[in-house]
Amino acid sequence: MEKIVAGMAALRPRAKAMEAAIRSLYDQVNEFHICLTGWKEKPFEDQKITWSFQSGEYGDAGKFRFVEQVEGLYFSCDDDLIYPGNCLMKLKKQLQKDSNSFVGVHGSDLLTPIRSYYTSRRVYHCLQTVLGTVQAHILGTGIMLFDTRNNPLKVTDFPIKNMADVWVALFAQVNKSPMFVVKHAEGWIKQSPINLHQTIYNQHRLNDRPQTQAVKSINWIKPQKRRSHHTAPP
């Protein structure tokens with residue numbers, strides 16, 4: 001089995017939720033790189049976990065802070081989600097169909113004309129049923145698997161914090177890498193109880209000018225499958 005590295009950005013008020021997310025993924029990944037905001041010391045010691053600290057300069061891109069050090073499968077995840085035991089198996093199965101792609105459970109299609117990032121889109125929600133696997137313009141980076149050998153993301157690809165979904169999608173457009181939301185049922189992914197006012201969506205949905213400007217900067221396409229340079233083994 002090929003090694004999988006998980007990257008997460010975690011907020012101090014979500015400490016319990018973070019631990020639940022880690023537990024749900026612990027047997028599915030080989031390593032965690034977790035970027036902490038609000039902690040002065042490591043929450044605990046664990047041989048699978050490498051902790052780092054930020055004061056907010058990376059925002060949600062903290063989950064990709066060390067992505068350049070990983071050669072192979074990378075799973076970006078959130079501190080407030082609980083992942084089912086077959087999550088990585090299901091995503092990896094889809095990735096094997098096109099190892100140049102990004103694969104997730106939450107995504108959206110942009111609707112033209114784009115007036116607002118948060119309103120000019122059709123969402124495939126991770127907490128709700130998606131009846132069939134669909135190709136999307138944008139994936140939620142809270143549940144996303146990809147191969148860094150085919151999609152070599154760098155932390156410099158995230159010029160403005162708390163816009164990770166947009167920056168990864170723009171990278172995928174330039175790299176002509178398809179993005180897929182896998183078929184799933186409501187309840188397959190669960191969300192821990194958190195203060196929803198702290199979410200990026202609720203903090204930016206009424207003021208999404210940077211996101212809107214970014215997504216209006218290109219003409220969005222849905223790239224076709226292309227020859228892979230690296231293929232994830234079963």
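**View 1. Strands E1 and E4 pair in the parallel sense over six bridges.** In this predicted model, E4 comprises residues 73-78. The bridge partner of Val5 in E4 is Tyr74. Strand E1, formed by residues 4-11, is mostly covered, with seven of its eight residues buried.

**View 2. Strand E1 also pairs with strand E2.** The two strands run parallel and are joined by seven bridges. E2 spans residues 31-37, and within E2 the residue Cys35 is the bridge partner of Ala9. Together with helix H1 (residues 15-25), strands E1 and E2 make a β-α-β unit, which is right-handed.

**View 3. Helix H2 has a buried side and an exposed side.** Helix H2 consists of residues 87-95, and its buried residues are Cys87, Leu88, Leu91, Lys92, Gln94 and Leu95. These residues lie on the same side of H2 because they cover an arc of only 160° around the axis. An α-helix has 3.6 residues a turn, so residues three or four places apart point the same way. Met89 and Lys93, on the other side of H2, are exposed.

**View 4. The buried residues of H2 pack against both strands and helices.** The helix in this environment is H1. The strands are E1, E4, E6 (102-104), E11 and E12. Strand E1, one of these packing partners, is the strand that pairs with E4 over six bridges and with E2 over seven.

**View 5. A cis peptide bond joins Thr112 and Pro113.** The omega angle of this bond is about -5°. Pro113 is placed in the loop between strand E7 (107-110) and strand E8 (121-124).

**View 6. Asn162 has a positive phi although it is not a glycine.** The phi angle of Asn162 is about 60°. Asn162 belongs to the loop between strand E11 (143-147) and helix H3 (164-175). Is Asn162 buried or exposed? With a relative accessible area of 19%, Asn162 counts as buried, because the cut-off for that class is under 20%.

**View 7. Lys176 is a residue other than glycine with a positive phi.** The phi value of Lys176 is near 55°. Lys176 is found in the loop between H3 and strand E12, the latter formed by residues 179-181. Strand E12 is also among the elements against which the buried residues of H2 pack.

Terms used
Residues numbered from 1 in each chain as written. Predicted model: local features only at pLDDT ≥ 70, side-chain atom pairs only at ≥ 80, totals over all residues. Heavy atoms only, no water. Buried < 20%, exposed > 50% of the residue type's maximum accessible area, 1.4 Å probe, protein only. Helix = DSSP H or I, 4+ residues; strand = E, 2+ residues; numbered from the N terminus. Pairing = 2+ DSSP bridges. Right-handed = clockwise from strand over helix to strand, strands pointing away. Arc of directions from axis to C-beta. Contact = heavy atoms within 4.5 Å.
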